Structures are given as C-alpha cells and as structure tokens.
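Trainee: Before we look at the model together, could you take me through it one question at a time, and explain each term when it comes up?

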Amino acid sequence: KASWHSFLPLLINVISLLSIYYLYLPLTYLRVNTDFLLKKNRFDQVTQWINASIQSDSLSLEDGTEETVVLPKEYNNLADRNRVYVTQENGNIRIFFSRGGGMFEYYPGYMYHSGNISPPIEDGDIVCMRKIKPNWYDCY
C-alpha cells in the first residue's frame, strides 16, 4: 500500500520542471531588456557615430557586404571583443552588437536596423525574432 508520501519527490520534480519551463523565457527577456536599457544611450551614440562615419566617407561600405568596425575606447564593453558588424543594404544600415557567450553557430546580440522593420530579420546565421525598441532587435 503506497501512501501519498511516496509521490512527494515526483510532485516536487514535476513542479520544478514546470517552473523552469514557464519562467525561462520571461526571465531571459527580463535580463536582455534590462541589459539593453542600461546601455541604450551608449548604443545610440555608436549608431550615430557610425552613421556620421558613413556620411563623411571615413567608413565606406559596399552594398550587401559586412564590415567589422572596432569601437573607440569610450564604447568598450558594448560588444564582444569591442567590435560591431555593419552592413548597408538598399539604403538601410544594420549594426550588430554581439553579446558573446554563444556556442557553435549561436551569436546572441542586439541589432540596430535603420529601416525599423518588423521581425523576423535574418542575416546569415543571425536571426532577430523580437523587437526591443524602435530600430532595435534581440537576436540569436
């Protein structure tokens, strides 16, 4: 005769798994949104600096090709290895800030897209599924 006490460990495990399953994405979004909001002003400064560099021809981009741009010291720690990846295509500028920490072909980061289009945005291995703010996307 089994009592309800023998099912208690199973019940605890099921509740734990369901908690993790239902809280994982909301907690991930909260962490990503908080990180982005804390750095948003500096991200905007970088996009303005890159746009000004393109306008003044100090940064020349061929349509559809990606350029790696090393950030100045005042923008350290905004992107993995202090580099952003800039692409100009059909008059729109995309700037990808890698957060690092990805494995294999997983590149989490933030993307600025001057066209302010609706997700999903696919750029090679990078897929942006969620808009954080106008022109800004969370990518994986």
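Trainee: Over the ring of which residue does the charged end of arginine 99 sit?

Mentor: This is a predicted model, where local features need pLDDT of at least 70 and side-chain atom pairs count only at pLDDT 80 or more, while totals for chains, interfaces and linings use all residues. Residues are numbered from 1 along each chain as its sequence is written, and side-chain values use heavy atoms, leaving out hydrogens and water. The charged end of arginine 99 lies 4.8 Å from the centre of the ring, and a charge sits over a ring if NZ of Lys or CZ of Arg is within 6 Å of the ring centre and within 35 degrees of the ring normal. The ring beneath arginine 99 is that of tyrosine 110.

Trainee: How far is the charged end of arginine 130 from the centre of the ring it sits over?

Mentor: For arginine 130, the ring in question belongs to tyrosine 29. From the centre of that ring to the charged end of arginine 130, the distance is 4.1 Å.

Trainee: Which parts of the chain does the pair of phenylalanine 97 and tryptophan 136 tie together?

Mentor: The structure holds 9 aromatic pairs (rings of Phe, Tyr and Trp, for Trp its six-membered ring, with centres within 6.5 Å; planes under 30 degrees apart count as stacked, over 60 as edge-to-face and the rest as tilted). Phenylalanine 97 and tryptophan 136 form a tilted pair, with 5.7 Å from centre to centre and 40° between the planes. The two residues are 39 apart in sequence and sit in two strands (DSSP runs of E, at least two residues, numbered from the N terminus), so the parts tied together are β3 and β7.

Trainee: Which residues form one aromatic cluster?

Mentor: Phenylalanine 97 and tryptophan 136, the tilted pair we have just discussed, both belong to this cluster. The full list is Phe36, Phe43, Phe97, Tyr110, Tyr112 and Trp136.

Trainee: What is the order of the strands in the open sheet?

Mentor: The sheet has 7 strands, and its pairing is antiparallel; two strands pair if DSSP finds at least two bridges between them. Its edge strands are β1 (66-70) and β5 (121-123), each of which pairs on one side only. Read across the sheet, the order is β1-β2-β3-β4-β7-β6-β5.

Trainee: How many residues lie between β2 and β3 in their hairpin?

Mentor: Strand β2 (residues 83-89) pairs with β3 in the antiparallel sense over 6 bridges, and valine 84 stands opposite phenylalanine 97 in β3. In the turn of the hairpin, asparagine 90 has a positive phi of about 55°. The number of residues between β2 and β3 is 2.

Trainee: Which residue in β4 does phenylalanine 96 stand opposite?

Mentor: Strand β3 is joined by 5 bridges to strand β4 (residues 109-113), and the two run antiparallel. Across from phenylalanine 96, the residue in β4 is methionine 111.

Trainee: How far apart are the sulfur atoms of cysteine 128 and cysteine 139?

Mentor: A search of the whole structure finds 1 disulfide, which is a pair of cysteine sulfur atoms within 2.5 Å. The link of cysteine 128 and cysteine 139 is right-handed, with 85° about the S-S bond. It joins distant parts of the chain, 11 residues apart, as cysteine 128 is in strand β6 (residues 126-133) and cysteine 139 in strand β7 (residues 136-139). In this disulfide, the sulfur atoms of cysteine 128 and cysteine 139 lie apart by 1.9 Å.

Definitions and conventions
Helix = DSSP H or I, 4+ residues; strand = E, 2+ residues; numbered from the N terminus.
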